[in-house]
Amino acid sequence: PGIPRTASMSSFMSGGASFLRRMVVPSEVMSMFERGTRGQRPVRADKGIWGGKRIGHGNQVSWADNKHRRTWRPNVQSKRLWSDSFQCMLKLSITTNVLKNIDKEGGLDNYLVNTSGAKMDSALASDLKKLVIEQRRRLAAGEESLPLPKIARPPREKPVYEEVLP
């Protein structure tokens, strides 16, 4: 009764991702069956500039050669950096490796413009890069400047104190 099970049907039922790999399937469907890979890029990396650093996985090996699993997390710091094009401080979640590269390049704006998007590997960094390039173009052409980015902290004006006369 019913449809007889064939070899191809049983592979469809139990094959999972291996069967889908042999078929032509959209990547959205495929991603539901795939397992995670080592060195995944965390979602938090999109909210800062991590410079392609990822969470590493491996074994902690003792002197007696006992192994247990551990992770190595990137050294992420929360820093306020000066942007020359916007003339304000930007509060960023940034790795110490990227801080070193920013010093080498001569500032945050130079780092963003001169570093490839694949090396920065962050949505925030690529958005900031586009803004800095456009801001530099506008300043060179004498046009009105862009509004400050959302993460910007405008420079504080010094308060003016009035003299209190008795």
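**Strands, hairpins and a buried serine**

Biologist: How many bridges join S3 to S4?
Modeller: This is a predicted model. In it, S3 and S4 run antiparallel. One bridge pairs Lys79 with Leu92 in S4. The number of bridges joining S3 to S4 is eight.

Biologist: Which residue in the turn of the S3 and S4 hairpin has a positive phi?
Modeller: The hairpin has four residues between its strands. One residue in that turn has a phi of about 55°. A positive phi is notable here as the residue is other than glycine. The residue is Gln87.

Biologist: Is Gln87 buried, partly exposed or exposed?
Modeller: Gln87 sits in the loop between S3 and S4. Its relative accessible area is 46%. Buried means under 20% and exposed means over 50%, so a value in between makes Gln87 partly exposed.

Biologist: What is the strand order of the open sheet?
Modeller: The sheet has three strands, with antiparallel pairing. S3 and S5 stand at the edges, each with a single partner strand, so one side of each has no neighbour in the sheet. The order is S3-S4-S5.

Biologist: Which residue in S5 is the bridge partner of Met89?
Modeller: S4 covers residues 88-95 and pairs with S5 in the antiparallel sense. Two bridges link these strands. In S5, the partner of Met89 is Arg153.

Biologist: Which helix packs on the sheet?
Modeller: The helix spans residues 96-105 and touches S3 and S4. Its direction makes about 130° with that of S4. The helix is H4.

Biologist: Is Ser83 buried or exposed?
Modeller: Ser83 lies in strand S3. That strand is at an edge of the sheet. Still, the relative accessible area of Ser83 is 0%. Buried means under 20%, so Ser83 is buried.

Biologist: Which residue's side chain makes a polar contact with the side chain of Ser83?
Modeller: Leaving out residues up to four places away in sequence, Ser83 touches Cys88, Leu90 and Asp109. One of these also makes a side-chain polar contact with Ser83, at 3.1 Å. That residue is Asp109.

Biologist: How many bridges pair S1 with S2?
Modeller: S1 covers residues 56-61 and S2 covers residues 67-72. They pair in the antiparallel sense. One bridge links Asn59 to Arg69 in S2. The number of bridges is six.

Biologist: Which residue takes a positive phi in the hairpin of S1 and S2?
Modeller: Five residues stand between these strands. One residue in the hairpin has a phi near 65°. The residue is other than glycine. It is Asp65.

Biologist: What is the relative accessible area of Asp65?
Modeller: Asp65 is placed in the loop between S1 and S2. Asp65 is partly exposed. Its relative accessible area is 47%.

Biologist: In what order do the elements of the protein chain run from the N terminus?
Modeller: The chain has seven helices and five strands. Starting at the N terminus, the elements run α-α-α-β-β-β-β-α-α-α-α-β.

Biologist: What percentage of the residues of the protein chain count as buried?
Modeller: The chain has 166 residues. Ser83, with a relative accessible area of 0%, is one of the buried residues. The share counted as buried is 26%.

Biologist: What share of the accessible surface belongs to carbon and sulfur atoms?
Modeller: The accessible surface of the protein chain comes to about 12,500 Å². Of this, the share of carbon and sulfur atoms is 54%.

Definitions and conventions: Residues are numbered from 1 along each chain as its sequence is written. This is a predicted model: local features need pLDDT of at least 70, side-chain atom pairs count only at pLDDT 80 or more; totals for chains, interfaces and linings use all residues. Side-chain values use heavy atoms; hydrogens and water are left out. Two strands pair if DSSP finds at least two bridges between them. Contact means heavy atoms within 4.5 Å. Axes are lines fitted to C-alpha atoms, for helices over the stretch in contact, and angles run from 0 to 180 degrees between N-to-C directions. Buried means under 20% relative accessible area, exposed over 50%, partly exposed in between (1.4 Å probe, protein chains only). A polar contact is a pair of N or O atoms within 3.5 Å; within protein, one must be able to donate a hydrogen and the other to accept it, and residues adjacent in sequence count only if both atoms are side-chain atoms. Accessible areas come from the Shrake-Rupley method with a 1.4 Å probe; for residues, only the protein chains shown count as cover.
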